[in-house]
Amino acid sequence: MTNSNMPRICEVNGKTRVVVILAYPATHVRTPTFFNALAAARDLNAVLVPWQVAPEQLASVMDSLRHVENLAGVIVTIPHKQSIAGLCDELEGIAASLQVANVARRMADGRFIGRMYDGAGFAAGMKREGIELAGCSVLLLGAGGAGTAVADALLDAGVGRLAILNRNRERAEELVRRLRDIHPQSKMEAVDDPRGNWDIVVNSTSLGLHAEDPLPIDPDCLPRGCTVAEVIMQPDETALLRAARERGCRIHKGVHMVTAQIELLAEFLLGSEAKTEGISH
Ligand SMILES: NC(=O)c1ccc[n+]([C@@H]2O[C@H](COP(=O)([O-])OP(=O)(O)OC[C@H]3O[C@@H](n4cnc5c(N)ncnc54)[C@H](OP(=O)(O)O)[C@@H]3O)[C@@H](O)[C@H]2O)c1
């Protein structure tokens with residue numbers, strides 16, 4: 001998909017199905033690059049464009065989009081993943097149980113059906129890179145939209161212990177409460193202390209998007225030999241990953257989460273023509 005000889009975007013014409021990605025800000029989004037390359041490579045007449053939409057305008061934008069007949073659907077990212085769940089007419093799978101979504105398909109009658117693929121994308125990305133999750137002790141930084149989905153996917157993959165640390169502790173506790181309903185047998189807790197004998201540390205906060213951001217964790221708290229995974233994909237290597245690499249940790253970039261889930265998003269939005277093999281929902 002990243003081969004420079006490949007077409008990067010389909011020829012846009014009157015039959016092109018349009019997908020928009022709603023973000024605020026939108027300058028960091030990389031999903032269109034991957035989605036459009038996939039559509040072009042598979043000869044799908046579809047295009048993804050970024051729209052910068054402020055949180056207070058999300059409801060009215062979604063309402064208007066109901067009337068756009070060639071809209072296949074919307075993908076959403078920070079900060080819309082929780083709000084979009086409330087704006088969908090129906091939620092499927094983990095989106096329904098956790099009330100968070102990153103994609104909504106527009107049906108012919110203008111209804112939106114939401115799903116959440118961040119978790120499946122994260123777990124598939126780890127698997128593709130040969131990182132085993134089952135039985136691991138994991139510290140998850142962040143409990144927002146991406147963190148919620150990643151936490152669920154980590155428990156699905158059978159991690160041995162999941163500790164969630166979030167700036168707003170109540171949000172981490174609330175997430176643990178919701179996850180307990182879905183994974184009653186799993187060992188999980190909200191924590192304040194980032195120190196521990198972690199096999200894997202995952203950053204799912206938005207810290208690292210901007211050069212001036214503080215690190216989401218003091219690198220001295222990273223056990224030597226652990227794997228440090230990012231959800232942030234812009235910059236490609238965040239300050240946290242750099243610090244972790246310098247400490248001798250294995251690093252796992254945020255880009256793997258999007259490349260692994262882009263095929264699932266395309267299939268959900270565009271139907272069986274975009275069907276893929278190898279990743280389960
Ligand atoms: N690679 C991919 O495919 C992929 C997919 C999805 C998302 N992402 C990335 O994941 C990141 C988070 O997205 P999201 O949708 O989960 O956003 P979100 O729902 O707004 O959650 C943001 C999270 O970051 C924390 N946070 C924000 N500012 C902080 C600060 N100054 N100090 C400490 N914690 C802070 C928040 O903590 P509080 O609860 O305390 O506010 C919350 O846990 C974004 O950078 C997004 O681009 C990547």
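A pocket, in the sense used here, is an open set of grid points with protein on both sides within 12 Å along at least five of seven lines, and a residue counts as part of its lining if it has an atom within 4 Å of a point. With that in mind, we can turn to the model above, which is a predicted one, and begin with its largest pocket.

The largest pocket has a volume of about 950 Å³, and 41 residues line it, with Ile78, Ala146, Ser204, Thr205 and Ser206 lying nearest its centre. Sorted by class, the residues of this lining are 19 nonpolar, 18 polar and 4 charged. Several elements take part: strand 3 (71–76), helix 3 (81–87), helix 6 (145–156) and helix 9 (255–270) each supply at least two residues of the lining, and helix 9 gives the most, with 4 residues.

Where does the largest pocket lie with respect to domain 1 and domain 2? The chain is divided into domain 1, which covers residues 17–116, and domain 2, which covers residues 119–253. Both domains give residues to the lining of the largest pocket, and therefore the pocket lies between them. The centres of the two domains, taken over C-alpha atoms, are separated by 25 Å, while the contact takes 11 residues from domain 1 and 15 residues from domain 2.

We can now look at a sheet in the model. This open sheet consists of 6 strands, which follow the order 9-8-7-10-11-12 and pair in parallel. Because strand 9 (188–190) and strand 12 (250–252) stand at the edges and have a single partner strand each, one side of each is left without a neighbour in the sheet. From one strand to the next, the twist averages 15°.

Within this order, strand 7 (residues 137–141) and strand 10 (residues 200–203) run parallel and are joined by 4 bridges. One residue pair to find in the structure is leucine 141 and its bridge partner in strand 10, asparagine 203.

Helices accompany the sheet as well. Helix 5 (residues 118–128) packs on the sheet and touches strand 10, strand 11 (227–230) and strand 12, with a direction that makes about 140° with that of strand 11. Helix 8 (residues 239–246) lies across strand 10, strand 11 and strand 12 too, and runs at about 170° to strand 11.

Notes: Residues numbered from 1 in each chain as written. Predicted model: local features only at pLDDT ≥ 70, side-chain atom pairs only at ≥ 80, totals over all residues. Heavy atoms only, no water. Pairing = 2+ DSSP bridges. Axes fitted to C-alpha atoms, helices over the stretch in contact; angles between N-to-C directions. Contact = heavy atoms within 4.5 Å. 1 Å grid on protein atoms, 1.4 Å probe; cavity = no way out; pocket = protein on both sides within 12 Å on 5 of 7 lines; lining within 4 Å. Points joined across faces, edges and corners; volume = space filled by probe spheres on them. Nonpolar A, V, L, I, M, F, W, Y, C, P; charged D, E, K, R; others polar. Domains from an automatic or database assignment.
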